[in-house]
Amino acid sequence: MIRRGRHFLQIPGPTNTPDRILRAMAAPTIDHRGPEFAALGREVLDGLQRVFQTSSPVVIYPASGSGAWEASLVNTLSPGDAVLAFDIGEFSKNWAIVAQRLGLEVELVPGSWRRGVDPGEVRERLARDVDHRIKALLVVDNETSTGVTTRLADVRRAIDDARHPALLLVDAVSSLGSIDLRHDEWGVDVTLSGSQKGLMLPPGLSFNAISAKALAASKQARLPRAYWAWDTMLAANATGFFPTTPATNLLFGLREALQMIDEEGLPAVFARHQHLAAATRAAVEAWGLEIVCERDDEHSPVVTAVSMPAGRDADRFRGIVLDRFNMSLGAGLGRLKGRAFRIGHLGDFNELMLIGTLGGVELGLEAAGVPFSRGGVDAALRALAVQPEPAAATVSGR
């Protein structure tokens, strides 16, 4: 089938890369040992601190978010250490698998895949660990597979209430630059992320923001590490350089992305994502379809996962949307495969793009013969008519 018009990439990452970032990346590669690169290195490292909302160091690896997972673990833990993980979706489960493969003792708390990490369960589990065997908690801030966020500030309070010394490691791959996440204020020890979602870049960069407590733990950690080692990275970063060959042109793009975020301002970025997400949910509810996330205070601002009616194949529906309307929707992952589809609404994204996206979904539901009620796009239009205030970006518990 011949597809006309611009492709709508409405998966929850990689996101649409803005033209100005693409142009920034299309520059000649420079000497990564020269003074021009040193200035670039320091600029992007300093800019990332603003996005992570931290004064602690942030390191950059040429890798996907999976590399950031491994870096967070090998720099802070030792073979046989006990870690507490939470099965709230496909990515939280996979992070736990990485920890197991590295030789860590993982307790995986089961979940419904419809809610985030329960702060009460965190408090109760840590209170029972009187010998402090648990060395770290693995928490996914925004579970991309389910469209569910964790009330991260409440999790931090639960750890403090239990008076437990465990490290708090947080996956912010799909939340950084889109959802309010305060590395310092919320006492996160390692916040990890990737370039291909809220930062609006292609895949290829991953990040660790490192607290003083995590840095101290790295001095005692005994898991093998070479490429992922923080100490060599931080030593080189002090002068703007990297110990290995960096992804120079992605760093050009990162500099542009950070400038775009600074121009809009983080509070406005967060409010925009909340606004577009609320309109998306209004459309889904008007269609009479079910949103995977159960709690109003855990709805993701960056992706909405939608359950298909019984007996309907979500992947067949997605295929029709792609073939007929040139739009990619996110697949259901893990236990949601074939049972749900995901609408990404993050990054360089605005109201008109959302209405086009929701129009494509509504057309696809009709074309696929999925039972639904009309009027989802109209419901979204009504929700978008009220402009958000940047102050609304700060949500209680987040």
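Two strands pair if DSSP finds at least two bridges between them. Keep that rule at hand for the exercises below, and remember that this is a predicted model.

**Exercise 1. In which sense do strand 13 and strand 14 pair, and which residue of strand 14 is the bridge partner of Ala-331?**

Step 1. Find the two strands: strand 13 covers residues 327-331 and strand 14 covers residues 340-344.

Step 2. Look at their pairing. They are antiparallel and share two bridges, which satisfies the rule of at least two.

Step 3. Pick out the partners. Ala-331 has Phe-341 as its bridge partner in strand 14, while Gly-330 is matched with Arg-342.

**Exercise 2. Place these strands in their sheet: what is the order of the five strands, and which stand at the edges?**

Step 1. Read across the open sheet: the order is 1-13-14-12-11, and the pairing is mixed.

Step 2. Go to the edges. Strand 1 (8-10) and strand 11 (290-291) each have a single partner strand, so one side of each has no neighbour in the sheet.

Step 3. Turn to the other partner of strand 14. Strand 12 runs antiparallel to strand 14, and five bridges join them. Here Ser-307 stands opposite Ala-340 of strand 14.

Step 4. Add the helices. Helix 10 (residues 266-287) lies across strand 11, strand 12 (303-307) and strand 14, at about 10 degrees to strand 12. Helix 11 (residues 314-325) also packs on the sheet, where it touches strand 13 and strand 14, and its direction makes about 165 degrees with that of strand 13.

**Exercise 3. How many residues of strand 14 are buried, and which way do they point?**

Step 1. Recall the cut-off: a residue is buried when its relative accessible area is under 20%.

Step 2. Count along the strand. Five of the five residues of strand 14 are buried, so by that cut-off the strand is mostly covered.

Step 3. Sort them by direction. Ala-340, Arg-342 and Gly-344 point one way, whereas Phe-341 and Ile-343 point the other way.

Step 4. Try the same count on a helix. In helix 3 (residues 65-74), eight of the ten residues are buried; among them are Trp-69, Leu-73 and Val-74.

**Exercise 4. Are the ring pairs of Phe-37 with Phe-241 and with Phe-242 stacked or edge-to-face?**

Step 1. Start with the whole structure, where a search finds eight aromatic pairs.

Step 2. Take Phe-37 and Phe-241. Their ring centres are 6.4 Å apart and their planes lie at 15 degrees, so this pair is stacked.

Step 3. Locate both partners. Phe-37 is in helix 2 (residues 35-52) and Phe-241 is in the loop between helix 8 (230-237) and helix 9 (248-264), so the pair ties together parts 204 residues apart in sequence.

Step 4. Now take Phe-37 and Phe-242. With centres 6.0 Å apart and planes at 75 degrees, this pair is edge-to-face. Phe-242 is in the loop between helix 8 and helix 9, 205 residues from Phe-37.

Step 5. Put the picture together. Ring pairs link Phe-37, Phe-241 and Phe-242 into a cluster. Phe-37 counts as buried because its relative accessibility is 0%, and Phe-242 is buried too.

**Exercise 5. What is the order of the seven strands in the other open sheet, and which are its edge strands?**

Step 1. Read the order: 2-10-9-8-5-3-4, with mixed pairing.

Step 2. Identify the edges. Strand 2 (58-62) and strand 4 (105-109) each pair on one side only. From one strand to the next, the twist averages 20 degrees.

Step 3. Check one pairing. Strand 3 (residues 82-86) and strand 4 are parallel, with five bridges, and Val-83 has Val-106 as its partner in strand 4.

Step 4. Add the helices. Helix 2 lies across strand 2, strand 9 (190-194) and strand 10 (205-210), at about 115 degrees to strand 2. Helix 5 (residues 119-128) lies across strand 3, strand 4 and strand 5 (134-140), at about 170 degrees to strand 5.

**Exercise 6. Which residues have the most contacts inside the largest nonpolar core?**

Step 1. Name them: Ile-60, Leu-137 and Leu-254, in a core of 88 residues.

Step 2. Follow Ile-60. Leaving aside neighbours within four places in sequence, its contacts include Val-44, Phe-207, Phe-242 and Leu-254.

Key:
Residues are numbered from 1 along each chain as its sequence is written. This is a predicted model: local features need pLDDT of at least 70, side-chain atom pairs count only at pLDDT 80 or more; totals for chains, interfaces and linings use all residues. Side-chain values use heavy atoms; hydrogens and water are left out. Rings of Phe, Tyr and Trp (its six-membered ring) pair if their centres lie within 6.5 Å; planes under 30 degrees apart count as stacked, over 60 as edge-to-face and the rest as tilted. Helices (H or I, at least four residues) and strands (E, at least two) are DSSP runs, numbered from the N terminus. Buried means under 20% relative accessible area, exposed over 50%, partly exposed in between (1.4 Å probe, protein chains only). Contact means heavy atoms within 4.5 Å. Axes are lines fitted to C-alpha atoms, for helices over the stretch in contact, and angles run from 0 to 180 degrees between N-to-C directions. A nonpolar core is a set of buried Ala, Val, Leu, Ile, Met, Phe, Trp, Tyr and Cys residues joined through side-chain atoms within 4.5 Å.
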